[in-house]
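Please walk me through this protein, taking the charged side chains, the sheet and the enclosed space in turn, and explaining the reasoning where a step calls for it.

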Amino acid sequence: MGGADNRRSPAANNGNNTTRNLPLDPVINLDHGDPTMYETFWKKLGDECTVVIKGYESLSYFSNPKNPCWFLEPKLEDSIKCLHDAVGNAVTEGYSIVVGTGSSQLLQAVLYAVTSHDQPSQINVVAAAPYYSSYLEILDLVRSGLYKWAGDAHEFNKNEPYIELVTSPNNPSGVIRGPVVNRDGGVLVHDLAYYWPQYTPITSKLDFDIMLFTASKCTGHAGSRIGWALVKDKEVAKKMTKFMEVSTIGVAKEPQLRIAKILQVVADRCKRFGSPEGDNFFEFSKNMLAKRWEVLRETAKKSEMFILPKYPLQHCNYYGEITHINPGTENYLIMVTAFAWIKCKDEIEDCEKLFRSHNILTRSGRRFGSDPGFVRVSMVGRDEEFNMFIDRLSKIQDL
Ligand SMILES: Cc1ncc(COP(=O)(O)O)c(C=O)c1O
């Protein structure tokens, strides 16, 4: 992880007594998508989401022995269903829900569940570049005998079984995606971490075979480490559950109960649009992100050093239900993604290096199987961090 050390300016360590204690130009770490931006909303709600767990509660390994996913808290199952239903972004009826320690653990569980110890060789795992950098990192670390990283899905031309990870909206680029290999013998895993109305128009209720979601990106509670999978095939869900059982004997109950409460609070208010209290989480977050994007676009335009992606306007079924505010325009949203996928002007070969020389840590396009002329910048940090970033960006004149 970024580490607290990064927060000190290199100038602060140069032995020069006149600058040692000055917090000038601290390093801004925009490498991780740490969703601290959402603190503002949750602070407003005060104690409403407080969950009290007494010393004698939640001792058992089991949450619901009748559920094939026996460690899934019934309250969490209910609020997941309730939220998807209210937002209209995914079908839950007929699906098994498997809870995980973040969707990062669920990804490993899926890969285990859709492969077999009887297969003659490792199954290829692909994702279209630019792909979420952790896919490669996880697979490289695990070095499983069941599957192996096979790189960019656009370049996959082997006539062999494969698993394609489809991230939509995509991390890092924010683009809405579908599978690219489209061949027999493939298993699709849809990573829908960002398919929520603050990031993207909700265009349909998705019903893919395997869909991954996470509280980290939905409500910003990354520290609770709760993700969930909606899985059509009961056997796949059972195998995923087995993976959790063997690796961690389930998922901690405390964060499940906390996220159950949070999701329920979001669901209960997510149909109230334009309320003066501003208590619709998605509306609040979308507005906050939209403002940031506006400032970023203006700054990039003035500097002529950076190019930002353009996204098409699309109808959003979720906000489409508002008819009383600006009819005709309000239903169409511009995407305001969680990351800015920035391209530096052509003369700059290493965009990450340029940003680093201005004490801004970003993630290089290289890490996403793409070009070093790109960087990914988190848009979901705290206000101070974002404002500092914009200030510094506006001062980057040239090489
Ligand atoms: C596309 C995508 N999938 C999965 C994850 C992992 O989320 P979690 O915090 O639930 O492990 C992330 C986190 O950045 C992500 O961007």
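In this predicted model, K253 is a buried residue that nevertheless has no salt bridge. The nearest side chain of opposite charge belongs to E73 and is 4.1 Å away, whereas a salt bridge requires the side-chain nitrogen of a Lys or Arg to be within 4 Å of a carboxyl oxygen. K253 lies in helix α7, which covers residues 253–269. If its neighbours within four places in sequence are left aside, K253 is in contact with S58, S60, Y61, F62 and S63, and also with E73 itself.

Elsewhere the charged side chains do pair, and the structure as a whole holds 18 salt bridges. One of them joins E39 to R382, with the closest N and O atoms 2.8 Å apart. Because E39 lies in helix α1 (residues 39–44) and R382 in the loop between β15 and α10 (383–395), this pair ties together parts that are 343 residues apart in sequence. Both partners are partly exposed, since E39 has a relative accessible area of 30% and R382 one of 37%.

The salt bridge between D383 and R292 likewise has its closest N and O atoms 2.8 Å apart. Here too the pair links distant parts of the chain, with D383 in helix α10 and R292 in helix α8 (residues 281–303), 91 residues apart. The two partners sit in different surroundings: D383 counts as partly exposed at 37% relative accessibility, while R292, at 4%, counts as buried. Salt bridges that share partners also join E48, R269, R272 and D279 into one network.

A salt bridge of another kind, within one helix, is formed by K81 and E77, whose closest N and O atoms are 3.5 Å apart. These two residues are four residues apart in helix α2 (residues 74–87), so they are separated by about one helical turn. K81 is partly exposed, with a relative accessible area of 32%, whereas E77 is buried, with a relative accessible area of 16%.

Helix α8, which contributes R292 to the salt bridge with D383, also contains F284. F284 is partly exposed, with a relative accessible area of 21%, which places it above the 20% under which a residue is called buried. Although F284 and T40 are 244 residues apart along the chain, their C-alpha atoms are separated by 9.7 Å. Leaving aside neighbours within four places in sequence, F284 is in contact with T40, F41 and K44, and with G278 as well. Helix α1 spans residues 39–44 and includes E39, the partner of R382 described above.

What is the order of the strands in the open sheet, and in which sense do they pair? Four strands form this sheet in the order β9-β12-β15-β14, and the pairing is antiparallel. β9 and β14 (363–364) stand at the edges and have a single partner strand each, so one side of each is left without a neighbour in the sheet. In general, the strands of a sheet pair through backbone hydrogen bonds.

Going across the sheet from one edge, strand β9 (residues 306–307) pairs with β12 over two bridges, and F306 stands opposite C344 in β12. β12 in turn pairs with strand β15 (residues 374–378) over five bridges, with I342 opposite V375 in β15. β15 then pairs with β14 over two bridges, and V375 is the bridge partner of S364. V375 therefore stands opposite I342 in the pairing with β12 and is also the partner of S364 in the pairing with β14.Strand β12 (residues 339–344) has five of its six residues buried, so it is largely enclosed by the rest of the structure.

The remaining topic is the enclosed space. The count comes to one cavity of 30 Å³ or more, and about 50 Å³ of space lies in the largest cavity. The residues that line it include P169, N170, P172, S173 and G174, together with the tyrosines Y194 and Y199. T337, A338 and F339 also belong to the lining, and residue 339 is where strand β12 begins.

Definitions and conventions: Residues numbered from 1 in each chain as written. Predicted model: local features only at pLDDT ≥ 70, side-chain atom pairs only at ≥ 80, totals over all residues. Heavy atoms only, no water. Buried < 20%, exposed > 50% of the residue type's maximum accessible area, 1.4 Å probe, protein only. Lys, Arg positive; Asp, Glu negative; His and termini not counted. Contact = heavy atoms within 4.5 Å. Pairing = 2+ DSSP bridges. 1 Å grid on protein atoms, 1.4 Å probe; cavity = no way out; pocket = protein on both sides within 12 Å on 5 of 7 lines; lining within 4 Å. Points joined across faces, edges and corners; volume = space filled by probe spheres on them.
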